[in-house]
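Work through the exercises below with the coordinates open. Try each task before reading its solution.

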Amino acid sequence: MTGFAQALHAHLFGLPADDEPLPTALDALLQATHTATAPQQQTAILRQVAEQLRNGAEIIQRYQYRAQWDRLPDDVAGQLRGAHDQAQQVAQSLDLVAPALSSPPAAPEPPGPQPRHTAAPPSPPTPPAGRRR
């Protein structure tokens, strides 16, 4: 029943169904995240975002070169270079974390034997304060 509801939701809102290839446009990928429930779908979306970031980094690099060629101020080319490097770094990070979404979560380790708590001998009671006369 859940699969039918997801397919209907995807159809009504123009989102990709599970068996359809992922869209390449970032706005369409954003919409696909709303219906991607399977871990493999989530991994595929992150990988597609990483690929689009690499494409974006290439576009930025071309404008960086253009800024240098057109002799724009050095800070323009420097900012574009920084944006290019950051986009590549984010894409690489997504490549590293995407497989974790399709891996089952690690089962928590059962607690091991607890060491016996050896209570320290009780401290002697504090003698009552003497009476003052």
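**Exercise 1: Contacts of T43**

Leave out residues up to four places away in sequence, and list what T43 touches.

Solution. The model is predicted. Step one: apply the sequence filter, then search around T43. The residues that T43 touches are A98, P99, L101 and S102. Step two: place T43 itself. T43 sits in helix α3. Step three: place the partners. Helix α4 covers 74-102, and the buried residues of α3 pack against α4 as well as α2 (26-32).

**Exercise 2: Burial of T43 and P39**

Decide whether T43 is buried or exposed, then do the same for P39.

Solution. Take T43 first. Its relative accessibility is 4%. The cut-off for buried is under 20%, so T43 counts as buried. Now P39, which also belongs to helix α3. P39 has a relative accessible area of 34%. Partly exposed is the class between the 20% and 50% cut-offs, so P39 is partly exposed.

**Exercise 3: A long-range pair**

Find how far apart P39 and L101 are in sequence and in space.

Solution. Start with the sequence: P39 and L101 are 62 residues apart. Then take the C-alpha atoms: the distance is 5.6 Å. Finish with the contacts. Beyond four places in sequence, P39 touches L101 and S102. T43 also has L101 and S102 among its partners.

**Exercise 4: Geometry of α3**

Compare the span of helix α3 with the span expected at 1.5 Å a residue.

Solution. Helix α3 runs over residues 39-69, which gives 31 residues. From first C-alpha to last, α3 reaches 45 Å. That is close to the expected 45 Å. Next, look past the end of the helix. R71 follows α3 and has a positive phi, near 55°.

**Exercise 5: Buried positions in α3**

Which residues of α3 are buried?

Solution. The list is Q41, T43, I45, Q48, A50, Q52, A57, Q64 and A67. To read the spacing, recall the helix period. An α-helix has 3.6 residues a turn, so residues three or four places apart point the same way. Then ask what covers these side of the helix: the buried residues of α3 pack against α2 and α4.

**Exercise 6: The whole chain**

Summarise the elements, burial, contacts and surface of the protein chain.

Solution. Count elements: four helices and zero strands. Their order from the N terminus is α-α-α-α. Buried residues are 18% of the 133 residues. Among contacts with a separation of 6 or more, 51% join residues 24 or more positions apart. The accessible surface is about 11000 Å², with 59% belonging to carbon and sulfur atoms.

Terms used: Residues numbered from 1 in each chain as written. Predicted model: local features only at pLDDT ≥ 70, side-chain atom pairs only at ≥ 80, totals over all residues. Heavy atoms only, no water. Helix = DSSP H or I, 4+ residues; strand = E, 2+ residues; numbered from the N terminus. Expected span 1.5 Å × (residues − 1). Buried < 20%, exposed > 50% of the residue type's maximum accessible area, 1.4 Å probe, protein only. Contact = heavy atoms within 4.5 Å. Areas by Shrake-Rupley, 256 points an atom, 1.4 Å probe, with all protein chains shown as cover.
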